Amino acid sequence: MKRVVGVVAGVAVLVGGIVGADGAALASGARMAPGTVAWQPCPKEAGRATSANLECATVRVPLDYNEPWGQTITLAINRIKAKVSRDANHLGTLLVNPGGPGASGRELTEFVATSLPRDVSERYDIVGFDPRGVGGSEPAVHCVDPEAYFKPPRPDAVPHGEAEERVLLSRAADFANRCGNYWAWLLPYLTTENSARDMDSIRAALGEEKISYFGYSYGTYLGAVYATLFPTRVKRLVMDSTIDPTQVWYESNLKQDSAFEHRHRQFLAWTARHNSVYKLGATSKQTSFAYYAMRDRLRARPAGEVVGPSELDDVFTIAGYSDRVWPQFAQAWSSYVREGDVKGLLDLYEKYGKDDERAENGYAIYLSVQCADAKWPRQWDKWRTDMTRMHREAPFMTWPNAWFNAPCAFWPVKGGTPVEVKGSPNLPPILMIQSRDDAATPYKGALEMRRHFAHATMVIEGGGNHGVSLAGNKCVDGRLAAYLRDGTLPARDVKCAGLPEPQASEHMAAASPTDGLFGLLGLL
């Protein structure tokens, strides 16, 4: 499932000797007793301001939960502590996760704390964590050198013949093999189930009998697995932009291809409605022709020798996640087509598509988790047949998404059996939040998740952005706040109007607090 963390990514190489040394050091560490997390001020990070109220710590967890007294690894966590004392007004711990798999939960903590109403946020200890292998957790997984592996322009993701397909297959196999060479000892344990068990280890280390949880995107699946494994330890559970738990993971990508096609066509239609500004066509058919003509032109001559068709795919995928970027993207596209000006495309690539160490780590964990969670086809003929068929109806995403996930066909760890997500009478009522035209986590998948949790209530937003809550929709955010405040849920599902479409403009407005999750990730 192609998602933002992977789309905007890159890496530093760890050599085998360093990995082995880290593993040995971790194995000798003592476990932390429940309730004794050693909080301290967070270290300053270059180029990133943090709140003085933010505290950091680590929690050791078993590498293999079947051997709880064996080797351990370290999870990095942070928190903004509640302002109220632990009396009747304190609501305990709210654990947060932004998705991925592969995204840093520690980057979500301050966003949630400052975006929720104060009478809610100040009653929770809001805790973020980097899942195993991610970011500040140790070891952090890296598999390739981004400057070499992701050097633009990359081969076109839509292969033109067998020779180009062999090049793309070689790249996918190379990534999988490098991950196996560096991390053979760790890869079998990078699963959603183990991350859910890690959440319970964090709960125990914090000394909490129960925790509340707020997850976006893949984080909804992680929360659902946690609720399945530990139903008596859930106080409140929020799922925003929800995964279909029955299609983990190959089939979910095919469904996502169709959903992104629908959202891309909405963007093309919006551009056509604003033809007076962008002059790319007055109908969706015309703007579609203009888009794919641009892609073909970039195949022959990459913009600035950097943005070829694959870089274009990565960048414009962002427009499927959030319509906030549509004016900026349409203007860059228009400037290139009508004036031959490549600056706009290059700026988009620098902001949204350039791979770096943080995002390569996210991509490596994304693959590690999804390839290990479930079985993937190992015969490329199956992939080729499915993608050829899907490409005819969903050309925007199908092949780029396939190559994003293709290392799973060669992954050194065979996929296992996913946890069978299911509800329990011991679970509290659950809040689900979903937009109708979400491309990354389609609406039908959210309905499927809801069927597994009888106590869930849905807030359905009429828009199409991914990551609905805390993005400025008062109808949605009011329901979220009420639920987190005292567990209040509507008697039945609620429909909220989507936010207004963006206005056409030659300039993109600066990011604001209403940008929500994608402003947090630096994508707006």
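**Exercise 1.** In this predicted model, determine whether Cys-56 is buried or exposed, and describe the disulfide in which Cys-56 takes part.

*Solution.* Step 1: The relative accessible area of Cys-56 is 12%. Buried means under 20%, so Cys-56 is buried.

Step 2: The partner of Cys-56 is Cys-42, with the two sulfur atoms 2.0 Å apart. The relative accessibility of Cys-42 is 15%, so Cys-42 also counts as buried.

Step 3: About the S-S bond of Cys-42 and Cys-56 the torsion is about 100 degrees, and the disulfide is therefore right-handed.

Step 4: Cys-56 belongs to strand β2 (54-62), while Cys-42 lies in the loop between β1 (40-41) and β2; the pair therefore ties together parts that are 14 residues apart in sequence.

**Exercise 2.** State the handedness of the disulfide of Cys-371 and Cys-408, and locate both cysteines in the chain.

*Solution.* Step 1: The sulfur atoms of Cys-371 and Cys-408 are 1.9 Å apart, and the two residues form a disulfide.

Step 2: The torsion about this S-S bond is about -85 degrees, so the link of Cys-371 and Cys-408 is left-handed.

Step 3: Cys-371 sits in helix α15 (residues 357-373), and Cys-408 in the loop between α17 (398-405) and β8 (430-435). The pair is 37 residues apart and links distant parts of the chain.

Step 4: Both Cys-371 and Cys-408 are buried.

**Exercise 3.** Establish how many disulfides the whole structure contains and which pattern they follow.

*Solution.* Step 1: A search of the whole structure yields four disulfides. One of them joins Cys-143 to Cys-179, at an S to S distance of 2.1 Å; with 115 degrees about the S-S bond, this link is right-handed.

Step 2: With bonded cysteines counted along the chain, the pattern is 1-2, 3-4, 5-6, 7-8.

**Exercise 4.** Classify the packing of helices α9 and α16 as roughly parallel or roughly antiparallel, and characterise their contact.

*Solution.* Step 1: Helix α9 (residues 250-273) packs against helix α16 (residues 380-393) at an angle of about 20 degrees, with the axes 10 Å apart.

Step 2: Angles under 35 degrees count as roughly parallel; α9 and α16 are therefore roughly parallel to each other. Their crossing is right-handed.

Step 3: From α9, the contact includes Tyr-250, Leu-254 and Arg-265; from α16, the residues met include Trp-383, Met-387 and Glu-393.

Step 4: By class, the contact of α9 with α16 comprises five nonpolar, one polar and seven charged residues.

Technical notes
Residues numbered from 1 in each chain as written. Predicted model: local features only at pLDDT ≥ 70, side-chain atom pairs only at ≥ 80, totals over all residues. Heavy atoms only, no water. Axes fitted to C-alpha atoms, helices over the stretch in contact; angles between N-to-C directions. Helix = DSSP H or I, 4+ residues; strand = E, 2+ residues; numbered from the N terminus. Parallel < 35°, antiparallel > 145°, perpendicular 65-115°, else oblique. Left-handed = near helix turned anticlockwise from the far one by under 90°. Contact = heavy atoms within 4.5 Å. Nonpolar A, V, L, I, M, F, W, Y, C, P; charged D, E, K, R; others polar. Disulfide = S-S within 2.5 Å. Buried < 20%, exposed > 50% of the residue type's maximum accessible area, 1.4 Å probe, protein only.
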